[in-house]
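Work through the exercises below with the model open. Try each task before reading its solution.

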Amino acid sequence: MTDENEENDDEGAWLQLRPVEPLPSQCCGSGCSPCVFDLYHRELARWEAARASKDRSLLNGEEPQSCPSRLSPETFLAFRISAMDRLTEDTYRVRFAVPRNSQLGLRPGQHLILRGKVDDLEIQRAYTPISPANAEGYFEVLIKCYETGLMSRYVKSWSTGDTTFWRGPFGDFFYKPNQTLSDPTQGHRQHGELLMLASGTGLAPMVPVLQSITDNAEDETFVTLVGCFKTFEGIYLKTFLQEQARFWNVRTFFVLSQENSLEKLPWSYREKTRFGRLAQDLIEELVSSCRRKPFALVCGSAEFTKDMARCLLCAGLAEDSYFLF
């Protein structure tokens with residue numbers, strides 16, 4: 001009887017060590033690799049092997065980190081909120097401190113996963129830093145809050161000095177200076193201009209890519225950026241975009257869905273603003289006005305991304321001539 005009790009106790013101990021399967025809310029839905037479910041299945045396989053061999057030391061499968069503050073796609077790291085700026089009624093620009101004044105280690109356009117907890121429910125969402133890839137000691141993100149969003153409730157509870165948890169980086173887009181310029185010695189498709197199509201906070205991945213170009217005096221890539229917003233007041237990062245538009249190789253345009261009067265806009269915006277929605281006719285006009293053969297970057301809602309991909313194909317771009325964030 002004693003042996004049976006010990007066996008039951010041992011079985012109970014192993015069951016307590018069994019990894020817990022993530023809830024659907026813990027997946028951000030961005031196609032990250034590894035996903036929280038990938039990590040779960042990896043830990044489950046390790047647990048099953050350890051249980052079969054009755055060797056708990058096999059559960060300690062993590063390799064020691066030489067730098068505990070280094071980003072990891074698998075492990076959440078703590079970052080303190082150093083500043084919060086409310087840009088619009090529902091959107092915040094949040095700055096996070098990076099320890100030892102170091103760099104975050106992202107490529108322009110890559111995103112991170114934020115972990116939050118609301119009513120004991122863990123949630124995870126993807127956000128793309130808008131700070132320069134080489135920023136030292138900090139990174140910044142744009143976060144739009146929604147009336148019924150769980151992560152929005154979590155973000156609205158933040159205050160300067162709070163600690164948040166992130167993992168990453170993720171994202172397959174890789175920008176290399178001048179890689180889009182025409183090169184007759186290369187056999188693959190070449191492009192001479194980036195056409196950035198962004199809706200709302202879809203502007204986020206465009207910002208570090210654009211800044212990496214204008215910060216590099218040797219990068220001669222042309223950029224045409226189109227930002228889609230509801231109103232003029234709702235345009236994010238106006239000062240930054242105005243400064244970028246002063247560079248010889250950058251053009252900015254805006255499409256406002258809930259405005260209808262140019263007279264109400266500042267003079268500097270009137271010639272580069274359209275009303276309504278970004279549709280086929282304007283996409284064709286933009287593609288034809290590009291100074292070099294364009295490669296398009298698209299980011300926004302799922303509906304916006306799908307519509308833009310269709311419009312770009314109809315405008316003559318091949319499927320390998322655009323990237324959907």
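**Exercise 1.** Place Ser 152 in the secondary structure, then decide: is Ser 152 buried or exposed?

*Solution.* Start with the element. In this predicted model, Ser 152 sits in helix α3, which spans residues 150-156. Next, take the relative accessible area: 5%. Buried means under 20%. Ser 152 is therefore buried. Finally, list the contacts beyond four places in sequence: Ser 152 touches Lys 144, Cys 145 and Tyr 146.

**Exercise 2.** Do the same for Lys 144: which strand holds Lys 144, and which residues does Lys 144 touch?

*Solution.* Lys 144 belongs to strand β5. Its relative accessibility is 24%. Partly exposed covers the range between 20% and 50%, so Lys 144 counts as partly exposed. Leaving out residues up to four places away in sequence, Lys 144 touches Asp 90, Thr 91, Ser 152, Thr 201 and Tyr 236.

**Exercise 3.** Find the residues that the UniProt record annotates as "binding site". What is their largest C-alpha distance?

*Solution.* The unreviewed UniProt entry gives Arg 125, Tyr 127, Leu 142, Lys 144, Met 151 and Ser 152. They are spread over 28 residues of sequence. In space they cluster, with a largest C-alpha distance of 13.3 Å.

**Exercise 4.** Trace the sheet. Why do β4 and β5 each have one side without a neighbour?

*Solution.* Write down the order: β4-β3-β6-β1-β2-β5, an open sheet of 6 strands with antiparallel pairing. β4 (121-127) and β5 (138-144) stand at the edges with a single partner strand each, so one side of each has no neighbour in the sheet. The twist averages 40° from one strand to the next. Now check one pair: 4 bridges join β3 to β6. Within that pairing, Arg 115 has Phe 165 in β6 as its bridge partner.

Key
Residues are numbered from 1 along each chain as its sequence is written. This is a predicted model: local features need pLDDT of at least 70, side-chain atom pairs count only at pLDDT 80 or more; totals for chains, interfaces and linings use all residues. Side-chain values use heavy atoms; hydrogens and water are left out. Two strands pair if DSSP finds at least two bridges between them. Helices (H or I, at least four residues) and strands (E, at least two) are DSSP runs, numbered from the N terminus. Axes are lines fitted to C-alpha atoms, for helices over the stretch in contact, and angles run from 0 to 180 degrees between N-to-C directions. UniProt positions are given in the numbering used here, feature names are shortened, and annotations may be inferred rather than shown by experiment. Buried means under 20% relative accessible area, exposed over 50%, partly exposed in between (1.4 Å probe, protein chains only). Contact means heavy atoms within 4.5 Å.
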